[in-house]
Amino acid sequence: MYQITCDDEILYDVRLENRVVLSPVLDLETGKNGTLSFKIPTQNDLYNFVEQKKSIIKVFQVDKINEKTIRRELFRGTAYSITIDFYNRKQVECEGELSFFNDSIIRPYSFQGDVEDLFKQYINKHNTQVDNKKQFKVRRCTVTDSNNYITRANINYPNTKEEMNNKLIDILGGHFETGQNEDATRYIDYLAEYENISNQIIEFGKNELNITQHIKTENVATRIIPLRKKRRKNR
C-alpha cells in the first residue's frame with residue numbers, strides 16, 4: 001500500500017474516503033530529481049492544503065510485517081505546478097528534493113582542495129539561503145580525484161544544482177543520493193558507485209506493466225542532395 005503526505009498530513013490513503021487522489025504517478029531514477037503527479041478532487045479534506053513551492057510532499061510504501069507497520073519513504077519534494085481543470089480537480093506536479101538546489105545560488109568563488117571539501121562547501125552555501133525543510137547535511141563522499149586535489153572557480157552566479165553538476169558530476173562522475181538520518185535530519189551523499197542494485201529479471205506482463213517507445217525524427221533527412229567539391233584551377 002502507498003501513502004502520500006503533505007506537510008506530514010495524510011493526503012492520500014486508499015483506506016480513507018476523504019483522503020483520495022486520482023491518477024498518481026511516481027517516476028524515480030537514482031541521482032535524479034524524481035517526479036510525482038496526481039489530481040486532488042474537491043472531496044479531499046486537504047484540497048486547499050498544498051502550497052506551491054512550499055509544502056513538502058512525501059510518498060511512502062506501507063507494509064505490515066509480523067503485525068508491525070513499516071513505512072518506507074520513496075519520494076520527498078515540493079509541488080512546482082498546480083492547475084485546476086473543468087471539474088475543479090487540482091493537477092499537482094512535484095519534483096524531488098534534489099530540485100531544492102535550484103533555489104540557491106553560488107556566488108563567485110575560487111577553490112583548491114579535495115573533492116569532499118568542495119562538495120561540503122556547495123551544500124553549506126546552499127543551506128544558508130533556504131529554510132530548514134530544504135537544508136541537507138553531508139553524510140558521505142566516496143568520489144575522489146587521482147591527485148586528491150582539484151581546482152574550481154566561477155565568476156558568475158549559477159544555481160547550486162547547476163554548479164554541482166558542472167563542477168563535480170560532469171568532470172568526476174558519480175551521483176547524488178538523499179535521505180533521512182535517525183535524528184530526522186536530511187542527508188546528501190556524493191557516491192562514486194550505485195550501492196543498491198537489484199538482480200530481479202524484468203518480464204513484461206509480470207513486473208513490467210507498461211512500456212512506451214519514442215521515435216524522434218529531428219535528425220531524419222527526407223531529401224539528400226549530393227554536391228561535388230569544386231576543384232581549384234591551377235594557374
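## A walk through a predicted chain

Let's start with a single pairing: F111 has R152 in β10 as its bridge partner. That belongs to a bigger match, since strand β8 (residues 109-113) and β10 run antiparallel and are joined by five bridges. The names come from DSSP: helices (H or I, at least four residues) and strands (E, at least two) are runs that it assigns, numbered from the N terminus. Before going on, a word about what you're looking at: this is a predicted model, in which local features need pLDDT of at least 70, side-chain atom pairs count only at pLDDT 80 or more, and totals for chains, interfaces and linings use all residues. Residues are numbered from 1 along each chain as its sequence is written, and side-chain values use heavy atoms, with hydrogens and water left out.

Stay with β10 (residues 150-154) for a moment. In a regular strand the side chains alternate between the two faces of the sheet. Here I150, R152 and N154 point to one face and are buried, while T151 and A153 point to the other and are not. "Buried" means under 20% relative accessible area, "exposed" means over 50%, and "partly exposed" is in between (1.4 Å probe, protein chains only).

Now zoom out. How many helices and strands does the chain have? There are two helices and 12 strands. Along the sequence they follow the pattern β-β-β-β-β-β-β-β-α-β-β-α-β-β. Of the chain's 235 residues, 34% count as buried. Among contacts between residues at least 6 apart in sequence, 58% join residues at least 24 apart; a contact means heavy atoms within 4.5 Å.

Next come the sheets. Strands of a sheet pair through backbone hydrogen bonds, either parallel or antiparallel. Two strands count as a pair if DSSP finds at least two bridges between them. One open sheet has seven strands in the order β2-β1-β5-β6-β7-β4-β3, with antiparallel pairing. Its edge strands are β2 (9-13) and β3, each pairing on one side only. On average, neighbouring strands in this sheet are turned by 30° against each other, direction ignored. For angles like this, axes are lines fitted to C-alpha atoms (for helices, over the stretch in contact), and values run from 0 to 180 degrees between N-to-C directions. Within the sheet, β1 and β5 run antiparallel and are joined by five bridges; I4, for instance, has V59 in β5 as its bridge partner.

Strand β1 is also where you'll find C6. Is C6 buried or exposed? C6 has a relative accessible area of 0%, so C6 is buried. Leaving aside residues up to four places away in sequence, C6 touches L11, F49, V50, S55, I56 and I57. The C-alpha atoms of C6 and T78 are separated by 9.1 Å, though these residues are 72 apart along the chain. For contrast, try E17, in the loop between β2 and β3: E17 is exposed because its relative accessible area is 75%.

Several of these strands meet again around the second largest pocket, which holds about 360 Å³ of space. Of the 13 residues that line this pocket, the closest to its centre are Y2, V25, L26, V59 and L74. A pocket is found on a 1 Å grid over the protein atoms alone: an open set of points with protein on both sides within 12 Å along at least five of seven lines, unlike a cavity, where a 1.4 Å probe fits but cannot get out; lining residues have an atom within 4 Å of a point. Grid points are joined across faces, edges and corners, and the volume is the space filled by probe spheres set on the points. β1 (2-6), β3 (22-27), β5 (57-65) and β6 (68-84) each supply at least two lining residues, and β3 gives the most, with four. The lining divides into 10 nonpolar, one polar and two charged residues. (Ala, Val, Leu, Ile, Met, Phe, Trp, Tyr, Cys and Pro count as nonpolar, Asp, Glu, Lys and Arg as charged, and the others, Gly among them, as polar.)

Finally, head to another open sheet, with three strands in the order β9-β12-β11 and mixed pairing. Helix α1 (residues 115-127) lies across β9, β11 and β12, running at about 160° to β9. Helix α2 (residues 160-172) lies across β11 and β12, at about 115° to β11. In α1 sits K120, which counts as partly exposed because its relative accessibility is 34%.
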